[in-house]
Amino acid sequence: MSKSKKDSSVFEFEVTPEDVEELRKDGIPESELPKVGIIQNSPRSGHFAASGEQEGKIPVYISAEILDFFSRRSSESLEEQINAALREVMENETSR
């Protein structure tokens with residue numbers, strides 16, 4: 001998957017058929033595979049979305065030690081904690 005920065009508020013990821021096939025070989029369920037095409041993310045929306053969709057999900061592999069860290073850190077869900085940490089990184093990066 002290749003990433004490009006369209007402008008300071010939108011990130012795009014290109015998902016190729018080869019990317020999808022590699023994820024399929026890695027055992028990702030069909031229901032969780034991204035669609036081929038451009039996936040966009042806007043800090044305002046907080047969601048990744050394939051072109052023409054309101055929101056979508058992408059499979060992400062996260063190291064066991066990172067999952068362990070977040071699961072011991074708070075009673076919030078892993079998704080909420082990781083999204084908050086990534087949002088903080090993103091906001092720090094865009095404020096430069």
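These are my notebook entries on a predicted model of one protein chain.

**Overall layout**

I began with the secondary structure and counted three helices and four strands. Going along the sequence, I read the order as β-β-α-β-β-α-α. Next I looked up burial: of the 96 residues in the chain, 22% are buried. I then turned to contacts with a separation of 6 or more, and found that residues 24 or more positions apart account for 37% of them. The exposed area of the chain came out at about 7,200 Å². Carbon and sulfur atoms supply 50% of that area.

**Helix α1**

My next stop was α1, which covers residues 17-25. Which of its residues are buried? I found Asp 19, Val 20 and Leu 23. Looking down the axis of α1, I saw that the buried residues fall within an arc of 95°, so they line one face of the helix. I was pleased to find Glu 18, Glu 22 and Lys 25 exposed on the other side of α1. I also checked what comes after the helix: α1 is followed by Gly 27, and its phi is positive, near 90°.

**Salt bridges around Arg 24**

I looked for salt bridges and found three in the structure. I started with Arg 24, whose side chain meets that of Glu 21 at 3.0 Å, N to O. Both residues belong to α1 and sit three residues apart, about one turn of the helix. A reminder to myself: an α-helix has 3.6 residues a turn, so residues three or four places apart point the same way.

How accessible are the two partners? I noted Arg 24 as partly exposed, at a relative accessible area of 35%. Glu 21 is likewise partly exposed, at 33%; the band for that label runs between 20% and 50%.

Arg 24 has another partner, too: Glu 30, with the closest N and O atoms 2.5 Å apart. I therefore wrote down Glu 21, Arg 24 and Glu 30 as linked in a network of salt bridges.

**Helix α2**

I moved on to α2, residues 64-73. Here I found a salt bridge between Arg 72 and Asp 68, with 3.0 Å between the closest N and O atoms. The two lie in α2, four residues apart, which I noted as about one turn of the helix. Are these partners exposed or partly exposed? Arg 72 counts as exposed, with 61% relative accessibility, while Asp 68 counts as partly exposed, with 38%.

Leu 67 is also found in α2, and I looked up its accessibility as well. Its relative accessible area is 31%, so I marked Leu 67 as partly exposed.

**A nonpolar patch**

Leu 67 turned up again when I searched the surface for patches. Together with Ile 58, Val 60, Ile 62, Ile 66 and Leu 78, Leu 67 forms a nonpolar patch. I noted about 420 Å² of accessible area for these residues together. At 31%, Leu 67 qualifies because patch residues need over 30% relative accessible area.

**Helix α3**

Last, I checked the length of α3, residues 78-94. At 1.5 Å a residue, its 17 residues should span 24 Å. I compared this with the end C-alpha atoms, which are 24 Å apart, and the values agree. I also listed the buried residues Gln 81, Ile 82 and Met 90 in α3.

Terms used:
Residues numbered from 1 in each chain as written. Predicted model: local features only at pLDDT ≥ 70, side-chain atom pairs only at ≥ 80, totals over all residues. Heavy atoms only, no water. Buried < 20%, exposed > 50% of the residue type's maximum accessible area, 1.4 Å probe, protein only. Arc of directions from axis to C-beta. Patch = residues over 30% accessible without salt bridge, like charges linked within 9 Å, V, L, I, M, F, W, Y side chains within 5 Å. Areas by Shrake-Rupley, 256 points an atom, 1.4 Å probe, with all protein chains shown as cover. Salt bridge = Lys/Arg side-chain N within 4 Å of Asp/Glu carboxyl O. Expected span 1.5 Å × (residues − 1). Contact = heavy atoms within 4.5 Å.
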